[in-house]
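Student: I am new to this model and would like to understand the words people use for it. Could you walk me through them?

Tutor: Gladly; let us look together.

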Amino acid sequence: MSDPSLIGQAIALGAAARGSTAPNPNVGCVIAEDGVVIARGATQPGGRPHAEALALAKAGDAAKGATLYTSLEPCAHTSDRGPTCATLIAAAGVARVIIALEDPDSRTAGQGAAMLRAAGINVTIGEGAQAARHSLAGYLTRLSLGRPRITLKLALSIDGKLALPSGESKWITGEDARAHVHLERAASDMILVGRGTWLADSPSLDVRLPGLEDHSPRRALLTRGDAVDGWETLSSPHDVHRLHDVNDLLVEGGSATATAFLAADLVDRILIYRAPILIGEGKQSLGYIGLDAIADAHNRWRSEDGRSLGVDRLEIYERVR
């Protein structure tokens, strides 16, 4: 019998690696025998070593006869950077492999599991699949849609304003909400703002949480103007389709940039950090996004989560596709 808590551990390990492995998937792996964990691994920064290879190296001879839990099907495509994970698992003498999700990459897509079965290994696929899809959402989106998974972050007042009429917006939300934003940054491969935000705020867009400073992602600017040192440039929201090495993109603003991405229907997830303040007349969060009837606005977004962050409230919405 497999242990659901162990496939859960593997998925959690992969989720913790999100934002550092692109274009590779952020995979987690646990090797155990009789419910006792022998070794753990997660895809390392830059995409190598893979989670299974790392866990097998830690386990050594103890992997023989054990069960390997992995959040994504072990790779089966050859590379000049080393043997496939399916090959390594077979060579290690693992008795059973529990796979949460089949890899949609055509170079593996079922072939990894087939290689393992051909080696006499008992293979199960699908345990923990929903949680694995959530953990690997950026990678899966890039493979299915040819672009990163795009999260739009908005910090708003109760009445949906971004700032005072003067443009003042620091700080609408409190410290707990801002700390959560930094966690989202750490889990992203790239952060994007519009040129107006860059000119007004000179944002650093780094991660300023103890222990996560080196998880600051690449920075991008949505502009048709001149390039800026240290920033990558997108002239249109549709340029996200050329970001082949980005799994998760975080769009932080401002209003024109948020509107442009929503109008292009490129947003997959919205994070609204709502502060318990009223601004009244002020900067609107969005402009025209292409809807001409209320009926067209329904059934496009699903409420995924909501929680308190200190005095503020986080609302998470997922695009229904």
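Tutor: We start with a term: a crossing is left-handed if the near helix is turned anticlockwise from the far one by less than a right angle, and right-handed if clockwise. In this predicted model, the crossing of helix 2 and helix 3 is left-handed.

Student: What makes helix 2 and helix 3 roughly parallel to each other?

Tutor: Compare the angle with the cut-off. The axes of helix 2 (residues 51–59) and helix 3 (residues 85–92) cross at roughly 25 degrees and come within 9 Å. Angles under 35 degrees count as roughly parallel, and therefore helix 2 and helix 3 are called roughly parallel.

Student: Which residues in helix 2 and helix 3 meet?

Tutor: From helix 2 come Glu52, Ala53 and Leu56, and they meet Cys85, Leu88, Ile89 and Ala92 of helix 3. By class, that contact has six nonpolar residues, one charged and no polar. Glu counts as charged, so Glu52, one of the residues listed for helix 2, is the charged one in this contact.

Student: Why are helix 3 and helix 4 also called roughly parallel?

Tutor: The reasoning uses the cut-off again. Helix 3 and helix 4 have axes that cross at roughly 20 degrees and come within 9 Å. With under 35 degrees as the limit, helix 3 and helix 4 are therefore roughly parallel to each other. The handedness here is right-handed, as helix 3 passes helix 4.

Student: What is the make-up of the contact of helix 3 with helix 4 by class?

Tutor: Five residues are nonpolar, two are polar and none is charged. The residues are Ala86, Thr87, Ile89 and Ala90 in helix 3, which meet Gly112, Met115 and Leu116 in helix 4. Gly counts as polar in this scheme, so Gly112 belongs with the two polar residues.

Student: How do you know that strand 4 and strand 5 pair?

Tutor: Pairing needs at least two bridges. Strand 4 (residues 96–99) and strand 5 (residues 122–125) have four, in the parallel sense, so they meet the requirement of at least two. Among the partners, Arg96 is matched with Asn122 in strand 5, and Ile98 with Thr124. Together with helix 4 (residues 111–118), strand 4 and strand 5 make a right-handed β-α-β unit.

Student: What makes strand 5 an edge strand?

Tutor: Look at the strand order: five strands form an open sheet as 2-1-3-4-5, with mixed pairing. Strand 2 (36–42) and strand 5 each pair on one side only, and they are the edge strands. From one strand to the next, the twist averages 15 degrees. Helix 1 (residues 4–16) packs on this sheet, touching strand 1 (28–33), strand 2, strand 3 (67–70) and strand 4.

Student: Which strands are at the edges of the eight-stranded sheet?

Tutor: That open sheet runs 10-9-8-11-6-12-15-14, and its pairing is mixed. Strand 10 (232–234) and strand 14 (301–309) are the edge strands, each pairing on one side only. Direction ignored, neighbouring strands of this sheet are turned by 25 degrees against each other on average.

Student: How do you know that strand 8 and strand 9 pair?

Tutor: Again, set the bridges against the requirement of at least two. Strand 8 (residues 190–194) and strand 9 (residues 218–222) pair over five bridges in the parallel sense, and Met190 stands opposite Arg218 in strand 9.

Technical notes: Residues are numbered from 1 along each chain as its sequence is written. This is a predicted model: local features need pLDDT of at least 70, side-chain atom pairs count only at pLDDT 80 or more; totals for chains, interfaces and linings use all residues. Side-chain values use heavy atoms; hydrogens and water are left out. Axes are lines fitted to C-alpha atoms, for helices over the stretch in contact, and angles run from 0 to 180 degrees between N-to-C directions. Helices (H or I, at least four residues) and strands (E, at least two) are DSSP runs, numbered from the N terminus. Angles under 35 degrees count as roughly parallel, over 145 as roughly antiparallel, 65 to 115 as roughly perpendicular and the rest as oblique. Contact means heavy atoms within 4.5 Å. A crossover is right-handed if, with the strands pointing away from the viewer, the path from the first strand over the helix to the second runs clockwise.
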